[in-house]
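I opened this entry to keep track of what I looked up in one model. My plan was to go from the whole chain down to single residues.

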Amino acid sequence: MQLGIVALQRVLQNTHTQETSVQTNREHIIVSDITDSAHEQAIKSMIEMGYMKNTKKFDPKRPMTRNEFIKVLSLAYGFVEVEDGNMYVKFGDVKNGSEFEKYIAFGIVMGWINPDMPKFR
């Protein structure tokens, strides 16, 4: 996740000007495997803002998935859920009912994702 975290940290620094409504209390961060990571503060900030899950194991050396990236990017850019159910474009590699569908739809509206592709790649 290191490259994704660095890129998202820069996005957050440049675009996030107000507090998000979904936040985690600093004292309640339960992630235990980031203390030796060079990106510990960035990871904690993203958890506090609700961009990343507050789980016991974060695995900071694992590559960030496309789904995780589009979720964080969408939230950093002021995610608004698309009301039109037709906007949930189905990609062959995104499970039906996935928690990421709404972020992918937002990415399509923002022009980040091409909806004419058979897979979300």
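My notes follow in the order of the look-ups.

**Whole chain**

I noted at the outset that this is a predicted model. I started with the secondary structure. I found four helices and zero strands in the protein chain. Read from the N terminus, the order of elements is α-α-α-α.

Next I looked up burial. The protein chain has 121 residues, and 38% of them are buried. For the surface I got about 7,700 Å² exposed by the protein chain, with 50% of that supplied by carbon and sulfur atoms.

I also checked contact range. I took contacts between residues at least 6 apart in sequence, and 68% of these join residues at least 24 apart.

**Nonpolar cores**

How many residues does the largest nonpolar core have? I counted 13. V31, I47, Y51, M52 and F58 have the most contacts inside this core. I then asked which elements give two or more residues to the core, and got α2 (40-48) and α3 (66-76). The largest share comes from α2, with three residues.

I found a second core, separate from that one, with 10 residues. I70, F91, I104 and F120 are among its members. As background, I wrote down that nonpolar side chains tend to be buried together in soluble globular proteins.

**α3 against α4**

I moved on to the helix pair. Helix α4 spans residues 101-110 and packs with α3 at an angle of about 65°. The axes of the two helices lie 9 Å apart. I recorded the crossing of α3 and α4 as left-handed.

Which residues meet here? On the α3 side I listed N67, I70, K71, S74 and L75. On the α4 side I listed Y103, I104, F106 and G107. I sorted this contact by class and got five nonpolar, three polar and one charged residues.

**α4 on its own**

Why do I call α4 largely enclosed by the rest of the structure? Seven of its 10 residues are buried, so the label holds. I wrote them down as E101, Y103, I104, A105, F106, G107 and I108. The buried residues of α4 pack against α3.

I looked just past the end of the helix as well. G111 comes just after α4 and takes a positive phi of about 85°.

**I70**

I picked I70 next, a residue of helix α3. Is I70 buried or exposed? Its relative accessibility is 5%, so I70 counts as buried. The cut-off for buried is under 20%.

I listed the contacts of I70, leaving aside neighbours within four places in sequence. They are Y103, I104, G107, W112, I113 and F120. I took one distance from this set. I70 and G107 are 7.0 Å apart, C-alpha to C-alpha, with a sequence separation of 37 residues. I had already met I70 in the second core, along with I104 and F120.

**N54**

I finished with a loop residue. Where is N54 found? N54 sits in the loop between α2 and α3. I checked its cover too. At 24% relative accessibility, N54 counts as partly exposed. The cut-offs here are 20% for buried and 50% for exposed, and values in between are called partly exposed.

My last distance was from N54 to H28. Their C-alpha atoms are separated by 8.7 Å, and the two residues are 26 apart along the chain.

Key:
Residues numbered from 1 in each chain as written. Predicted model: local features only at pLDDT ≥ 70, side-chain atom pairs only at ≥ 80, totals over all residues. Heavy atoms only, no water. Core = buried A, V, L, I, M, F, W, Y, C linked by side-chain atoms within 4.5 Å. Buried < 20%, exposed > 50% of the residue type's maximum accessible area, 1.4 Å probe, protein only. Axes fitted to C-alpha atoms, helices over the stretch in contact; angles between N-to-C directions. Left-handed = near helix turned anticlockwise from the far one by under 90°. Contact = heavy atoms within 4.5 Å. Nonpolar A, V, L, I, M, F, W, Y, C, P; charged D, E, K, R; others polar. Areas by Shrake-Rupley, 256 points an atom, 1.4 Å probe, with all protein chains shown as cover.
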